[in-house]
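Colleague: Thanks for making time today. Could we go through this one together, starting with the charged pairs?

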Amino acid sequence: MIETGEDYRDAVMPRAHWEKRQFVRCDFSEADLRGLRTQGCTFDECDFTKADLGDSVHTSSAFRSCTFDRTVLADTSWSGCSLLGSSFVDCRMRPISLKDCDFSLASLSRARLGKVGLAGLRFREANLLDADLSDTDLTGADLRGARLQGANFAGADLRSAKLDAHGLVQGTFTGATVDLETAVAYAAAHGLLVT
């Protein structure tokens, strides 16, 4: 059964457990979803503005083109989730656990993700303008096509990460750890001739 356009505003549903449920354009704004457990659920174009998702656990769920505006995401765990095209604005995101998640086309502009483990995650064509990714583990992450203007990667671990020349020019990488391939690509993106 697909729930479409349902109004869950201000709902109080702490510690709920949802499995294989489908939500389309549902409004969860200002809902108390603390401790929510989702498994195999899909949320398409849903609004989580000012919702409290603290301490929630999400496994193999999809949050596609959803709005997270001033949403509490602290102490949440996400494994095998898709957040394709979702928007995150002024959210409390630390501490957060992310494993094998896809943030392709997502907007994380000005997100504060310093010291968060983002290894192996996909950020293809994501908006990371002015994001704080300092001291973050981004080993093996896919950042191709991402908008990185003003993004701070100081002290980040970018070994085996996939970055294109455009991103290597946009972001700040002072003190970041990279592999030889990325170092050569960085030098070439900044106009050096590598022979």
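Colleague: Which side chain meets Asp142 in a salt bridge?

Modeller: Happy to help, and keep in mind that this is a predicted model. The partner of Asp142 sits 18 residues apart from it, and both lie in the loop between E11 and H1. The N to O distance is 3.8 Å, and the partner is Arg124.

Colleague: Is Asp142 buried or exposed?

Modeller: Buried means under 20% relative accessible area. Its partner Arg124 is partly exposed at 36%. Asp142 has a relative accessibility of 8%, so it counts as buried.

Colleague: Which residue forms a salt bridge with Asp52?

Modeller: Asp52 lies in the loop between E5 and strand E6 (57-59), and its partner in the loop between strand E3 (22-24) and strand E4 (37-39), so the pair ties together parts that are 18 residues apart in sequence. Asp52 is partly exposed at 22%, and the partner is partly exposed too, with 32%. The closest N and O atoms are 3.0 Å apart, and the residue is Arg34.

Colleague: Now the sheet: in what order do its four strands come?

Modeller: The edge strands are E1 (2-4) and E7 (62-64), each pairing on one side only. The sheet is open and its pairing is parallel, with the order E1-E3-E5-E7.

Colleague: Which residue in E7 does Thr42 stand opposite?

Modeller: Strand E5 covers residues 42-44 and runs parallel to E7, joined to it by three bridges. In E7, the residue opposite Thr42 is Ala62.

How values were computed: Residues numbered from 1 in each chain as written. Predicted model: local features only at pLDDT ≥ 70, side-chain atom pairs only at ≥ 80, totals over all residues. Heavy atoms only, no water. Pairing = 2+ DSSP bridges. Helix = DSSP H or I, 4+ residues; strand = E, 2+ residues; numbered from the N terminus. Salt bridge = Lys/Arg side-chain N within 4 Å of Asp/Glu carboxyl O. Buried < 20%, exposed > 50% of the residue type's maximum accessible area, 1.4 Å probe, protein only.
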